[in-house]
Amino acid sequence: MQEEMYFAFEQYLGNEMNLEEKAAFENKLLEDTYWKENFELYQQTHQFLKNKFSSETVAFKQNLKQIALENQSNKNSLKIIPMYSKWFAVAATVVLFCSIWFFMQSNEPNYIEYNQHEKAYFTERSEGVAVLKEAQDAFNAKAYESAVGYFEQIPKANRNEEINLYHAIALLETNKFEQAEALLQTIKSGNSVYKEKAIWYLGLSKLKQKDYSSCKQLLEALPESADDYSKAQEILEKL
């Protein structure tokens, strides 16, 4: 499954898809958060290779494609050979990209290493707002665009710091950084039990934007009593 995903990424970035395949791929990016996050990482690696090892990478890929084409054109070969060569090319490409990706990740932390969010359960403690259940379910399903839409429909009178925190996380996941940080700053300035979570997510927001200086400053302010203190220390060690 992973190999097929990476093969699709490579085809898309190499402009090797027809219009129908390209449209299906782009729809999947909109609907599948896991697919989108992996594609963004793969794209970053692709750009890194392009910038740093462009001639070697092109030659490597061309050699793999040539092997596949030669095997496919050999009518006397068994049918298993083209399929083998195809997956050999995929496997070799994945090894190359994963090696470079690991090298990149070892130098600096990445947001998706730390965006494992706790599930929302606030409908168990709130009544009278039907849209709250929709927001909760969308968030827990990682349908963050939909969750943002539902959160925005919740009246101010029915909002609390917990709801605002999850709204901010959904905004962060959809790259609406300014709105997310405005909500998180309000929580951080208060005295609720979510104050430390707000600091953590403000740090993650800066990490996702690659503003490492601000990220470091925020995470250094996180007290040892915070649930996310150990993860914050991991990030700080890499920065």
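Is D137 buried, partly exposed or exposed? D137 counts as partly exposed, because its relative accessibility is 32%, and that value falls between the 20% limit for buried and the 50% limit for exposed. The model discussed here is predicted.

## Helix α6 and its surroundings

D137 forms a salt bridge with K133. Both residues lie in helix α6, 4 residues apart, which is about one turn of the helix. K133 is also partly exposed, with a relative accessible area of 41%. Other residues of α6 are buried, namely V131, L132, A135, Q136, A138 and F139. The buried residues of this helix pack against α7 and α8. After α6 comes K142, which has a positive phi, near 65 degrees.

## Salt bridges

Side chains of opposite charge can pair when their charged atoms come close. In this structure there are 7 salt bridges. Three of them are listed below.

| Salt bridge | Closest N and O atoms |
|---|---|
| D137 and K133 | 2.6 Å |
| D228 and K197 | 3.0 Å |
| D228 and K231 | 3.0 Å |

D228 appears with two partners, K197 and K231. D228 lies in the loop between α11 and α12 and K197 lies in helix α10, so their salt bridge ties together parts that are 31 residues apart in sequence. Both D228 and K197 are buried. For D228 the relative accessible area is 4%, whereas K231 is partly exposed at 25%. A network of salt bridges links E118, K197, D228 and K231.

## The nonpolar cores

The largest nonpolar core has 42 residues, and the members that touch the most others are F139, F151, I154, W200, Y201, L204 and I235. Each of the helices α6, α7, α8, α9, α10, α11 and α12 supplies at least two residues of this core. The largest share, 8 residues, comes from α8. F139 of this core is also one of the buried residues of α6.

Which residues is W200 in contact with, leaving aside its neighbours within four places in sequence? They are Y114, L219, L222, D228, K231, A232 and I235. Among these contacts are D228 and K231, which form a salt bridge with each other. Another contact, I235, is itself listed with W200 among the core members that touch the most others.

Apart from the largest core lies another one, of 10 residues, which include A8, F9, M17 and L29.

## Aromatic rings

In the whole structure, a search finds 12 aromatic pairs. One of them joins F122 and Y166: the ring centres are 5.6 Å apart and the planes stand at 70 degrees, so the pair is edge-to-face. F122 lies in the loop between α5 and α6, and Y166 lies in helix α8, so this pair ties together parts that are 44 residues apart in sequence. F122 and Y166 are both buried.

A cluster of ring pairs links F9, Y12, F25, W35 and F39. F9 of this cluster is also a member of the core of 10 residues. W35, another member of the cluster, has the charged end of K28 over its ring, 4.9 Å from the ring centre.

Key. Residues are numbered from 1 along each chain as its sequence is written. This is a predicted model: local features need pLDDT of at least 70, side-chain atom pairs count only at pLDDT 80 or more; totals for chains, interfaces and linings use all residues. Side-chain values use heavy atoms; hydrogens and water are left out. A nonpolar core is a set of buried Ala, Val, Leu, Ile, Met, Phe, Trp, Tyr and Cys residues joined through side-chain atoms within 4.5 Å. Buried means under 20% relative accessible area, exposed over 50%, partly exposed in between (1.4 Å probe, protein chains only). Contact means heavy atoms within 4.5 Å. A salt bridge is a side-chain nitrogen of Lys or Arg within 4 Å of a carboxyl oxygen of Asp or Glu. Rings of Phe, Tyr and Trp (its six-membered ring) pair if their centres lie within 6.5 Å; planes under 30 degrees apart count as stacked, over 60 as edge-to-face and the rest as tilted. A charge sits over a ring if NZ of Lys or CZ of Arg is within 6 Å of the ring centre and within 35 degrees of the ring normal.
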